[in-house]
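Here is a walk through one protein model, with a few stops along the way. Keep the viewer open and follow along.

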Amino acid sequence: MSQQGYVATPPYSQSQPGIGLSPPHYGHYGDPSHTGSPPGMMKPAGPLGAAAPGGMLPQGHPPHGPHQFGQNGAHAQGPPLQRFPGPPPVNSAAPSYAPYSPSTQSSYPSPVSTSSVAQLGTQLSAMHVNSYGTGMAPPSQGPPGPPSAAAAFQGPSRSPQPSILQPGSQVLPPPPTALNGPGASPLPPSTHRQDGLPGPAPPNAQYQPPPLPGQTLGPGYPLQQANYGPQMAGAQLSYPGGFPGGPAQMAGPPQPQKKLDPDSIPSPIQVIENDRATRGGQVYTTNTRGQIPPLVTTDCTIQDQGNASPRYIRCTTYCFPCTSDMAKQAQIPLAAIIKPFATIPSNETPLYLVNHGETGPVRCNRCKAYMCPFMQFIEGGRRYQCGFCSCVNDVPPFYFQHLDHIGRRLDHYEKPELSLGSYEYVATLDYCRKNKPPNPPAFIFMIDVSYSNIKNGLVKLICEELKTVLEKLPKEGQEETSSLRVGFITYNKVLHFFNVKSTLARPQMMVVTDVSEVFVPLLDGFLVSYQESQSVIHNLLDQIPEMFADSNENETVFAPVIRAGMEALKAADCPGKLFIFHSSLPTAEAPGKLKNRDDKKLMNTDKEKILFQPQTNVYDPLAKDCVAHGCCVTLFLFPSQYVDVASLGLVPQLTGGTLYKYNNFQVHLDSQQFLNDLRNDIEKKIGFDAIMRVRTSTGFRATDFFGGIYMNNTTDVEMAAIDCDKAVTVEFKHDDKLSEDSGALIQCAVLYTTVSGQRRLRIHNLGLNCSSQLADLYKSCETDALINFFAKSAFKAVLHQPLKVIREILVNQTAHMLACYRKNCASPSAASQLILPDSMKVLPVYMNCLLKSCVLLSRPESSTDERAYQRQLVMTMGVADSQLFFYPQLRPIHTLDVKSTTLPAAIRCSESRLSEEGIFLLANGLNMFLWLGVSSPPELIQGIFNVPSFAHVNTDITLLPELGNPYSQTLRMIMGIIQQKRPYSMKLTIVKQREQPEMVFRQFLVEDKGLYGGSSYVDFLCCVHKEICQLLN
Ligand SMILES: [Zn+2]
């Protein structure tokens, strides 16, 4: 496409960055100076860059059989292992091809089969799809379309059909138009399959049949009737808070307009349900390069056959453009969201552990990539060619194996690193600090015992709970007891260290009053084994609330607390995690002292970014020190007023810790939420003192990283710790051409220390396709991953750029991506038709949710701390969590089938979907709301709340009463399922229709226009469409 196609017309070209002759780079608001070393370059020093020692071979090849790899202990006592080499289908629905059978190159799926088209047509008519009449041209060129032109859009999600939307009169000024013309018209010939195999397969790949056998709608999927509420009256283009092309900028005068039928625009619920219906419950095998996994909202079983599971890595697109010109043209971010410690369900195989003894992992001599399925063995098995840098390496003698008739090693299926996408290595001493094995990590509990925390019972609650949760410290598979050691500190404006040595009759306290230069007053007896010191520890936890009962100290310190914990870990020469329980702005005289600098006047100004930045320069170097010593900080905050989350949260964020925040915490109401979080955090799977390196095949490289990370250079991602819920989003850029033959290969290696003190390497490999066809790129995109990337890069940018600029960039890039598709990939049609690629059908609605988030759009009811908090949470989210966060789940409860265990089908997040006879449950990963319509069925109210009517329901409760009736049981079970696997315990709020708190709830109805700004989905779609039309002209 010539760039001329993107010449913007006024007013866009005037004020917006990145529109015009050179398409904007998303990096515009990031740091432009990414000068990482090209792939193949050796890292000068450090564990990941260190060459494996040549060494003599401790062993020949391992014995045969599936159990030779020293499986993770957790598995040892469980059900029998899935036999490793053979990848048998887990259920009969799975395609059962022999893996890597050599003769399958030719069997690519044909283009769209006629049956799928026919089926599509049937479905469309079954869904009362509106016709999309003749297109309407933009006002500046050509005659306007007939006045009957109607918005029409539909088609089942993930169908081979691009989405087409006719602009309604909102987009263009001509006369008001009738919407929703009757009848269905045939769809244009399908040109794109999202489920095909783009590009040639790797030499050994086998064809896997497209996983979309039938395009059937999920059972029970409700066809929503448009009930387009009055709140949308007079839908106007408006994007308060800086949406480009708001009413003021529109060409032509505003006119009374008809509404676009929300049922005719792409529905996230339908996309989710369709993917579930077609791919849910199946086995997804990762044997094919570049294949698109099921959506993150679809439950399925994943079988590793050479590429990392999508639980570990998801990508914005599974087919990269061959050239950077193409990438610039499409402006689709090329990124991977990597969750290296993702939790794997019990029916999937845990990672195998490879142990090469003193020799360590086999690595490419040039680029240091680890042995993996992308290495090609040649010369009878004596050498191998690296898939990343093409260097030909000698096979170390101990690792030699003969090749079979197709050039594959005879032990291919016996070695995880040859046939699996993900596995672990036992690291040798070269990978350890100071070349000696690490000590097991430690947990240090640090409790703010200032006056208010004692008075409101928080300190007592924490101490009581610790007695229980310390029994559940994480341990490695076979360990009887956890190797983790524990320590305790309390503080207000001074620090109290406790000696809890097992030989003591009672704990001893040592006070450190000099908080400017914190030192650790005791080594022996501070970090202990919980098992050995249990009675002393319990004694201490019983005493702490009383010890400070008479204290009137209100002031606290904060940075010295972190420093004390870090120094204690450093003195003990071990990595670890600090659990800090803190409540107030640290105003006591000490490093990191903070003042109240909250200033609402900065909102919607260019200085708003200051509110997201730490107010002193103490915390960033402190975070750096913490990372350097493997000290992860998790912070439980209990603020009753402004505490400056942007400053307090910085160390937790940069050290891979978690920030929990409980506003106006009340022990009798909020304990359960906090205790669930604490238990979950202590028990979760975690790796310490980690360093991650992302290697790529030639032609592209990782250029930017987002997450709970610290980077001292451009390639090594350092993390004091990383747990199962944390994801790092990595952006890639071209530095050369990519080839369709060799694809784009990614290897993520995480060196870390286990909870038992073993040094390990966790390797995830993923092969993507490459294509010189834009259409291939578009059909391989994953919108959920795109939104994760956009959210993180935008939330990173808020530190440096005005929010208005960031929002504009997001809107522009959305329009560019879609305009490029429209121009280059869609079949010819009227210029005024909005055509969305199937894989990006819901990009506009999700993008609008991101634009409306309180981080990017200030609202009176979102405090500065809340915005900083949400910003921080999103920065470490994986794809599933960001999807739920930006588009909450809304489910009707009044239609509940108490005999069924399946969740009631979700509905779209719009007030028009609610009914006053109904009860609805909304969840976004942080909050859960139970919304009660004024005419909710009394028997349901009785069943859930044990009160006779709506009026009697007490909305102060944060937990539903545990009643024995089926309504209560089923609802609580549903809430449990929704909560499962989510990193934060969601706070429950009961909301009654037409009462004040409903205002908060309505902010989560993300398809509607925001109460304080933020477009409705319909309006936003029209705006995007208008932008696209401008770009296409
Ligand atoms: Zn290499």
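What arrangement do the four donor atoms around the zinc ion make? The angles they subtend run from 100 to 115 degrees, which makes the arrangement tetrahedral. Bear in mind throughout that this is a predicted model.

## The zinc site

The zinc ion is held by the SG atoms of Cys364, Cys367, Cys386 and Cys389, at 2.3 Å. Read along the chain, these donors follow the spacing C-x2-C-x18-C-x2-C. Cys364 sits in the loop between β7 (353-354) and β8 (376-378), while Cys386 sits in the loop between β9 (383-385) and β10 (392-394), so this pair ties together parts that are 22 residues apart in sequence.

Are Cys364 and Cys386 buried or exposed? Both of them are buried.

## Salt bridges across the sequence

Side chains of opposite charge can pair when their charged atoms come close. How many salt bridges does the structure hold? There are 45, and a few deserve a visit.

Start with Glu424 and Arg760, whose closest N and O atoms are 2.9 Å apart in a salt bridge. Glu424 belongs to strand β11 (residues 422-426) and Arg760 to strand β25 (residues 759-771), so the pair ties together parts that are 336 residues apart in sequence. Both Glu424 and Arg760 are buried. They also have company: a network of salt bridges links Glu424, Glu476, Arg760 and Arg762.

## Two more pairs

Next up is Arg433, which forms a salt bridge with Asp689; here the closest N and O atoms are 2.5 Å apart. Arg433 is found in the loop between β11 and β12 (442-448), and Asp689 in strand β20 (residues 686-696), so this pair ties together parts that are 256 residues apart in sequence. The partners differ in how they are covered: Arg433 counts as partly exposed because its relative accessibility is 41%, whereas Asp689, at 10%, counts as buried.

Glu731 and Lys733 make another salt bridge through their side chains, at 3.8 Å from N to O. Glu731 has a relative accessibility of 7% and therefore counts as buried. Lys733, at 27%, counts as partly exposed.

## A buried lysine

Now look at Lys577, in strand β17 (residues 576-582). Why does Lys577 count as buried? Because its relative accessible area is 1%, and the cut-off for buried is under 20%.

Which residues does Lys577 touch, leaving out those up to four places away in sequence? The list is Ala442, Phe443, Ile444, Leu569, Cys632, Thr634, Asp681, Ile686 and Phe688.

## The nonpolar cores

The largest nonpolar core has 178 residues, and Phe488 and Phe674 are the ones with the most contacts inside it. Which helix gives this core its largest share? That would be helix α17 (residues 803-824), with ten residues.

Click on Phe488 to see its surroundings. Setting aside residues up to four places away in sequence, Phe488 touches Phe445, Leu466, Leu470, His496, Phe497, Phe498, Val500, Phe526, Ile537, Leu540 and Leu541. Apart from the largest core lies another one, of 37 residues, including Tyr318, Ala327, Met692 and Met719.

Methods:
Residues numbered from 1 in each chain as written. Predicted model: local features only at pLDDT ≥ 70, side-chain atom pairs only at ≥ 80, totals over all residues. Heavy atoms only, no water. Donors = N, O, S within 2.8 Å, 3.2 Å for Na, K, Ca; no water. Tetrahedral: all angles 85-135°; square planar, octahedral: opposite > 155°, others 65-115°. Helix = DSSP H or I, 4+ residues; strand = E, 2+ residues; numbered from the N terminus. Buried < 20%, exposed > 50% of the residue type's maximum accessible area, 1.4 Å probe, protein only. Salt bridge = Lys/Arg side-chain N within 4 Å of Asp/Glu carboxyl O. Contact = heavy atoms within 4.5 Å. Core = buried A, V, L, I, M, F, W, Y, C linked by side-chain atoms within 4.5 Å.
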